[in-house]
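Open the model in a viewer and keep the sequence panel visible. The stops below say what to select and what is there.

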Amino acid sequence: MREKSSNTVQYKIILTVICIGLIFFFCMGVLLDTLLDRFFREVYFFYEPLSNIELREGETVTLTYELSVNKYPVSFLKDNQFIAETTHIKKRVAGRTKELEFRNVAPCDAGQYCLKVEGNTSVNSHLTELLIHPMFTSKIEPQLCIEGNKLHLACAVYTDNIEVKWYKENEQLHECENILIHIEKYQRMLTIEKTTVADSGNYYVKAGKVEMRIPVTVKDMFRRPLVDETIMEGLDTKFEFETEEENVPVQWFYNRKEIIESTERRQISRLQGRVHTLTILQTRLEDSGKYSIRIKAYDKTVGLHVKEMPQTIKNMSVSDRKAFLKAANTGTTKRYNIRVMISGKQSAGKTCLLRRLMNEDIDGVISTDGINIERRKCQIDIKTGLWHFCKYISEDFKSKTYENMIEKEFDSIGEYIDFWLDNIHCYCTDDKNTSMECHEDGTLNPPVIIIGTGIDKIPLVCLRYYYRAKACIKEHTIYSFNLLGVTSLLSFNERK
């Protein structure tokens, strides 16, 4: 037993000595190698890549260089330009072995590469040229098509055994009733038989690790779409739409039955190659239903709802009813009317002001007895507000003469004016949907031009002295009103 124990201890001692010796010799070897690198060895390449390397787009390649020493910094060059690391280019420079790895190479990676060692004198490896053959030998340009048309995407790959997959955004496309995928030797094709606006987006064709993006835009078929119509019987109905393409064939249907050609009451027309119209004259109740169009296998359906003619219109005479229906068919137009009221004390010059505004002579003016309503026509620039007076049509209306009107005694001219204004704004509001008190800018509603002088009766020579004297009289009160762009001067000899 003692001999066996002694032998075991001897073995362990021997094994320990051997391990220590190996470690010592290894450390000495590393130290010696380092000393040789630092003081004696020159830089040279033990191993370099081939001079020419051909690759297919999407493959991975590593350029490996092995140096004699590891004491100098190194850098990788492409066409004599420094290469920086990217997501698909990785460098490994630890130790004497230097590696440059390309993942998923692309045509832009083609070029001449080398390793440069920055020693006492710079040393470059021989050049290695990378030739990158593209996966796709033809490209697909961005596509633009009209809704309802066929979309055809086609590309070519470098060999006929390449499998490709088609995607829209991140969703893979598969064959179905509206999508066809074809393969013809090197050609790879995707066809959408009937496009819609929803088919717009980015499409991708992927082969291995390589993909190609194809932007697709599908424009709406209609510039102006077909819409539902509601109309009264007896009026003309017009279905109208405008297409993006010119001279596109259109079929019209009524309750799924095709309208072959124009008839006495149904007229089909096409204007300027884009605007398509179906007109139904003197629409009847039985014309209600579904109307549809078909353009290149694209269908659009709208409804027509015909309302019964009101009894009031039915009770009209034939001529009056025809006149009403004719007026209704012509549509509507925007009317620009304005009402101006001129109010003032008796014989103040209201009629003279109106005539002068209309560029008319004031000779033979007779004082108005009561209320005079003048209906005049003039041209107004809607944008600038400038008035252009011209010929007019006049219609006089008189009711309640001055003597028959209800009057009362007033303590001042101010009360008299307030009485007139209160009556005007109580019964003569120009817009029932707005306030009777004033507009947003503070003017009265409706606007009123007040004439407070008989200035038209004063000779021109006297007016000059009048204005000079007036500037020196402090007790006069001057009121200036800006109503409808017209400034009226009110001057009274006593303050009320």
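**Stop 1: a three-stranded sheet**

Begin with the open sheet of three strands, ordered β12-β16-β15 and paired antiparallel. Select β12 (151-156) and β15 (179-184): both stand at the edges with a single partner strand, so each has one side without a neighbour in the sheet. Neighbouring strands here are turned by 15° against each other on average, direction ignored. The model is a predicted one.

Add β16 (residues 187-192), which pairs with β12 in the antiparallel sense over six bridges. Within β16, Leu-190 stands opposite Leu-153.

**Stop 2: the nonpolar cores**

Which residues touch the most other members of the largest nonpolar core? Select Phe-239, Trp-252 and Tyr-291; they do so in a core of 24 residues. At least two residues of this core come from each of β20 (229-232), β21 (237-243), β22 (251-254), β25 (275-280), β26 (289-295) and β27 (298-307). The most is given by β27, with four residues.

Centre the view on Tyr-291. Leaving aside neighbours within four places in sequence, Tyr-291 has contacts that include Phe-239, Phe-253, Ile-259, Leu-278, Ile-280 and Val-302. Polar or charged partners can be picked out as well, including Arg-266, Lys-300 and Thr-301.

Another core lies apart from this one and has 23 residues, among them Phe-136, Val-164, Tyr-203 and Ala-207.

**Stop 3: salt bridges**

The structure holds 16 salt bridges. Select Lys-116 and Glu-118, whose side chains meet in one of them at 3.6 Å, N to O. Lys-116 is partly exposed at 25% relative accessible area, and Glu-118 is partly exposed at 32%.

Next take Glu-244 and Lys-219, with their closest N and O atoms 3.3 Å apart. This pair links distant parts of the chain: Glu-244 is in the loop between β21 and β22, and Lys-219 is in β18 (residues 210-219), 25 residues apart. Glu-244 has 17% relative accessibility and so counts as buried, whereas Lys-219 is partly exposed at 34%.

Then select Glu-246 and Arg-274, which form a salt bridge at 3.4 Å, N to O. Glu-246 sits in the loop between β21 and β22, and Arg-274 in the loop between β24 (266-271) and β25, 28 residues apart. Is each partner buried or partly exposed? Glu-246 is partly exposed at 48%; Arg-274 is buried at 17%.

To finish, select Lys-219, Arg-223, Arg-224, Glu-240, Glu-242 and Glu-244 together: salt bridges with shared partners join them into one network.

Technical notes
Residues are numbered from 1 along each chain as its sequence is written. This is a predicted model: local features need pLDDT of at least 70, side-chain atom pairs count only at pLDDT 80 or more; totals for chains, interfaces and linings use all residues. Side-chain values use heavy atoms; hydrogens and water are left out. Two strands pair if DSSP finds at least two bridges between them. Axes are lines fitted to C-alpha atoms, for helices over the stretch in contact, and angles run from 0 to 180 degrees between N-to-C directions. A nonpolar core is a set of buried Ala, Val, Leu, Ile, Met, Phe, Trp, Tyr and Cys residues joined through side-chain atoms within 4.5 Å. Buried means under 20% relative accessible area, exposed over 50%, partly exposed in between (1.4 Å probe, protein chains only). Contact means heavy atoms within 4.5 Å. A salt bridge is a side-chain nitrogen of Lys or Arg within 4 Å of a carboxyl oxygen of Asp or Glu.
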